[in-house]
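Thanks for sharing this one with me. Below are a few friendly notes to read with the structure open beside you.

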Amino acid sequence: MSSFIDQELRARGVSQVIVLVKDLPDSPALRRSRSAPVGLANAARLPGAMAGVAGHFIRSELSLTGQLLSGCALDDGGVARVPPVPTARFYPHLGVMLGTVDREGLAALRRDRHVEEVVGAPPLRLIRPRRVAAAKRPKSYEWGLRALGVPALHRAGLTGKGVLVGHLDTGADGRHPALRGAIRHFAEFDDLGREVRPAPRPHDTDEHGTHTAATIAGRKVRGTLVGVAPGARLASAIVIEGGDVVARVLGGMDWAIGLGVRVVSMSLGFPGYWSDFLALTRLLRRRGVLPVFAVGNEGPGTSRSPGNYAEALSVGACGRDRTVPRFSSSQRFRRGRDAIVPDLVAPGVGVVSARPGGGWQAMDGTSMATPHVAGLAALLMEAAPKKTADEIERALFESCKLGPRMSEDRAHRGLPSGPRALRLLG
């Protein structure tokens, strides 16, 4: 039993769980669920086998959904306006369900022949920057792009054109000059994990998402370029912070996969190693998506899941001087594959990017390093569109070099080089 599920059942008698369902034959009902609003499929609209799986979930005032519903606003008559929320949510592009179970429901799920695996749903948190400061507009290329050799790729004609990048964060201010034309799709998932309809205009509920979005795909503004892949398009979604974060993140992942993203950038996680999201990271890989995750900002000997999985492309931070800052997480695990996290490091100190409402600001964090790598992957995907996510990742890894002031335990493979990775792709 997942330790997280066990803790939840002992403490509250119920637990939120993620259920991976076995592949089902295509059917009209399944096709309809794929075109339905994300996360709102209910048992009546699901294929027969899935409806049976959904029957193992329960409604409970002790569940996270129950607690969120208890805080709903009251109408004029003093009655709570309770929104319609299904007992179980089905995410058809991922092939998973999310809901609440008691011990009996959990046992039934584990016996169900249509269930591949049941895992817990630890609450994810945004990996917040360690420093935020006002900044002037860079005169030309932002320093992080130069450190990765991005100008040379741009001179070779690569901009990320034709590549859709998933950006699951706090949203992005689409009115910022650097992001005009960069956001192809936008979605917001509310506190209960439901997609807001109609889709709002691209906006940021914080300031984090605008910064990371512009690092991936920011357009040139009066000679300034902060975006690694200024020709790529973003599928940007608000999935964090607050509310049922797991439902929100699953909704964003499912939405992005349905749109056909090639790479997804996520600067979020839960502290420590929890295996619960491992199956979802593997699902992204199976869908041909490169999962790029921040490793965390808690320093040496720490890391965050899913950034510490061998199946994730895990990113730490480095500074202009090619050293790894104290805040950048790193950790060694007892496993044969990718025993050290992060997999590599990228610019994450004094990174200048877009600020909501206009202007620029500098941030420090592995959250700033992660979109650099996602953008670099987009450039390589444009150059070699037939290469798989694994092949793109391998080229990035093999292009890395440890700087003279970097140790393997802190930077693992070191800093990637865009031009070297391009040559390695052939």
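**Notes on helices and a sheet**

1. Let's start with a pair of helices, keeping in mind that this is a predicted model. Helix 1 (residues 3–12) and helix 5 (residues 103–111) have axes that come within 11 Å and cross at roughly 150°. Angles over 145 degrees count as roughly antiparallel, so helix 1 is roughly antiparallel to helix 5.

2. Which residues make this contact? From helix 1, I5, D6, L9 and R10 meet R103, L106 and R110 of helix 5. Sorted by character, the residues of this contact are three nonpolar, no polar and four charged.

3. Now find the open sheet, where seven strands are arranged in the order 8-9-7-10-12-14-17 with parallel pairing. At its edges stand strand 8 (183–188) and strand 17 (344–347). Each of these has a single partner strand, so one side of each is left without a neighbour in the sheet. On average, neighbouring strands of this sheet are turned by 25° against each other, direction ignored.

4. Strands of a sheet pair through backbone hydrogen bonds. For a pair to look at here, try strand 7 (residues 164–169) and strand 9 (residues 233–238), which run parallel and are joined by six bridges. One residue to pick out is D169, whose bridge partner in strand 9 is I238.

5. Finally, look at two helices lying across strands. Helix 8 (residues 208–217) lies across strand 7, strand 9 and strand 10 (263–266), and runs at about 165° to strand 7. Helix 10 (residues 278–286) lies across strand 10, strand 12 (290–294) and strand 14 (313–318), running at about 140° to strand 12.

Definitions and conventions: Residues are numbered from 1 along each chain as its sequence is written. This is a predicted model: local features need pLDDT of at least 70, side-chain atom pairs count only at pLDDT 80 or more; totals for chains, interfaces and linings use all residues. Side-chain values use heavy atoms; hydrogens and water are left out. Axes are lines fitted to C-alpha atoms, for helices over the stretch in contact, and angles run from 0 to 180 degrees between N-to-C directions. Helices (H or I, at least four residues) and strands (E, at least two) are DSSP runs, numbered from the N terminus. Angles under 35 degrees count as roughly parallel, over 145 as roughly antiparallel, 65 to 115 as roughly perpendicular and the rest as oblique. Contact means heavy atoms within 4.5 Å. Ala, Val, Leu, Ile, Met, Phe, Trp, Tyr, Cys and Pro count as nonpolar, Asp, Glu, Lys and Arg as charged, and the others, Gly among them, as polar. Two strands pair if DSSP finds at least two bridges between them.
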